[in-house]
Amino acid sequence: MIRSVVRGNGAALPRRIMKNADFEGMVETSDEWIVQRTGIRQRHVAADDETTASLGEAAARAALDSAGLTPADIDLIVLATSTPNNTFPATAVEIQNRLGMHHGFAFDMQAVCSGFVYAVATADLYIRGGLAKRVLVIGSETFSRILDWSDRSTCVLFGDGAGAVVLEAAKGAGNIADRGVLAASLRSDGVHKEKLFVDGGPSTTGTVGHLKMEGREVFKHAVGMITDVIEATFAEAGITAEDLDWFVPHQANKRIIDASAKKLGIAEEKVVVTVDLHGNTSAASVPLALSVAVADGRIKKGDLVLLEAMGGGFTWGAVLLRW
Ligand SMILES: CC(C)(COP(=O)(O)OP(=O)(O)OC[C@H]1O[C@@H](n2cnc3c(N)ncnc32)[C@H](O)[C@@H]1OP(=O)(O)O)[C@@H](O)C(=O)NCCC(=O)NCCS
């Protein structure tokens with residue numbers, strides 16, 4: 001059978017790093033509170049000349065370099081983002097143009113923090129369905145643009161950045177030893193909309209709006225939703241937590257990551273944590289975490305890797321792949 005194998009990956013971060021202490025003069029908060037409640041120590045914040053498209057392009061170029069490929073080798077770009085450069089056209093098409101690509105096709109996916117997991121699962125279907133052979137899957141965000149910088153309960157949590165992988169069609173035996181995407185499980189439920197949303201949009205206010213979140217409510221649902229969807233993925237693949245080499249969760253809050261891993265029985269040393277470095281970068285968080293763990297030599301070819309995310313909607317999902 002056809003498998004979607006990761007051929008390369010990359011990342012890009014804005015130049016400016018904002019430490020927790022930098023918020024202390026802006027809102028009533030402290031480095032100690034932020035670290036204790038979230039695990040976040042710093043985040044990158046985009047300058048005016050850094051956008052979802054420019055960061056996405058840089059991550060895409062890094063992923064192509066690591067794959068030893070050029071844009072000419074790609075036939076589809078799927079960009080996961082909730083902070084597009086424009087309402088339309090899709091920022092994926094802008095990235096396609098920036099890469100000098102005038103063949104193939106490109107589109108955006110909007111599943112907020114679950115966007116990259118949704119995008120990998122989607123790209124896998126395009127590859128297995130024969131519509132694409134090599135896909136650039138990108139998560140790129142500039143959440144700094146939609147934050148209310150006077151709201152301490154949200155502005156300290158998010159950051160900007162981008163990550164990307166190149167998925168390539170390859171022949172597999174159809175079993176768990178194959179490299180590539182092995183199983184996926186996606187969920188959404190709009191009943192939770194008011195707990196995490198942006199209070200603007202083209203069809204309602206005609207403005208971009210700002211992020212609103214009931215953090216405690218999100219927290220309450222997160223661990224149960226994450227563990228349910230991962231257990232469904234384990235069941236589909238016929239594996240247990242012990243078979244995993246790496247767990248790469250969405251990086252929103254260290255306490256959510258720890259509680260999910262504990263409930264699933266995933267050993268602490270198998271969990272990739274980058275929330276301290278990047279904050280919550282929404283659709284970019286999983287590919288950014290992947291880039292750190294690949295660069296430092298933890299994730300290697302042949303490793304069994306579990307990706308997971310949960311976010312606004314709510315949306316949530318998991319992808320199991322062999323690197
Ligand atoms: C946001 C979050 C860190 C808050 O932590 P918490 O332990 O739930 O804290 P609470 O919301 O109960 O707030 C506790 C107190 O801290 C205050 N507080 C909130 N933000 C603060 C900040 N940056 N600095 C200092 N105090 C803060 C609150 O106002 C509250 O004060 P009160 O008790 O006087 O009302 C936590 O709820 C969380 O991470 N939720 C999930 C968010 C998430 O992952 N979202 C993205 C999903 S993709």
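**Ligand, pockets and a few odd bonds**

Colleague: Which residues come nearest the ligand?

Modeller: In this predicted model, T29, R37, R152, R216 and N253 come nearest, out of 24 residues around the ligand.

Colleague: OK, arginines. What does the side chain of R37 lie 2.7 Å from?

Modeller: An oxygen atom of the ligand, and the R37 atom in that pair is a polar side-chain one.

Colleague: And R216, which ligand atom is 2.7 Å from its side chain?

Modeller: An oxygen atom again; the R216 partner is an N or O atom in the side chain. The residue before it in the numbering, G215, has a backbone N or O atom 2.9 Å from a nitrogen atom of the ligand.

Colleague: How much of the ligand's area does the protein bury?

Modeller: The protein buries 76% of the 950 Å² that the ligand exposes when taken alone.

Colleague: Let's do pockets. What volume has the largest pocket?

Modeller: About 960 Å³. Its lining counts 35 residues, and S82, Q110, V198, G200 and V208 are the ones nearest its centre.

Colleague: Which elements give two or more residues to that lining?

Modeller: Strand 5 (105-109) and strand 9 (196-198). Strand 9 gives the most, with three residues.

Colleague: How does the lining of the largest pocket divide by residue type?

Modeller: You get 15 nonpolar, 16 polar and four charged residues.

Colleague: And where does the largest pocket lie relative to domain 1 and domain 2?

Modeller: Between them, because domain 1 (2-171) and domain 2 (180-322) both give residues to its lining.

Colleague: What about the second largest pocket, how much space is in there?

Modeller: About 700 Å³. It has 33 lining residues, with L157, M213, G215, F219 and N253 nearest its centre. You've already met two of those names around the ligand: N253 is among the residues that come nearest the ligand, and G215 has that backbone contact with a ligand nitrogen.

Colleague: Which helix gives the most to the second pocket's lining?

Modeller: Helix 6, with six residues. That helix spans 215-237, and other elements supplying at least two residues include helix 1 (31-38), helix 7 (254-264) and strand 12 (304-311).

Colleague: How many charged residues does the second largest pocket have in its lining?

Modeller: Six, next to 16 nonpolar and 11 polar. This pocket also lies between domain 1 and domain 2, since both give residues to its lining.

Colleague: Switching again: how many cavities of 30 Å³ or more does the structure hold?

Modeller: One, with about 30 Å³ of space in it. V6, F116, V120, V165, L167, L290, L307, L321 and W323 line it.

Colleague: How do those lining residues divide into nonpolar, polar and charged?

Modeller: Nine are nonpolar, and there are no polar or charged ones. Helix 4 (115-128) and strand 7 (160-171) each supply at least two of the lining residues, and each of the two domains gives at least three.

Colleague: Last topic, backbone oddities. Which residues does a cis peptide bond join?

Modeller: F88 and P89, with omega about 0°. P89 sits in the loop between strand 4 (76-80) and helix 3 (91-98). The bond from G313 to F314 is cis too, with omega near -5°, and F314 is in the loop between strand 12 and strand 13 (315-322).

Colleague: And what is phi of V112 near?

Modeller: Near 50°, a positive value in a residue that isn't glycine. You'll find V112 in the loop between strand 5 and helix 4.

Technical notes:
Residues numbered from 1 in each chain as written. Predicted model: local features only at pLDDT ≥ 70, side-chain atom pairs only at ≥ 80, totals over all residues. Heavy atoms only, no water. 1 Å grid on protein atoms, 1.4 Å probe; cavity = no way out; pocket = protein on both sides within 12 Å on 5 of 7 lines; lining within 4 Å. Points joined across faces, edges and corners; volume = space filled by probe spheres on them. Helix = DSSP H or I, 4+ residues; strand = E, 2+ residues; numbered from the N terminus. Nonpolar A, V, L, I, M, F, W, Y, C, P; charged D, E, K, R; others polar. Domains from an automatic or database assignment. Near = heavy atom within 4 Å. Polar contact = N/O pair within 3.5 Å; in protein donor to acceptor, adjacent residues only side chain to side chain. Areas by Shrake-Rupley, 256 points an atom, 1.4 Å probe, with all protein chains shown as cover.
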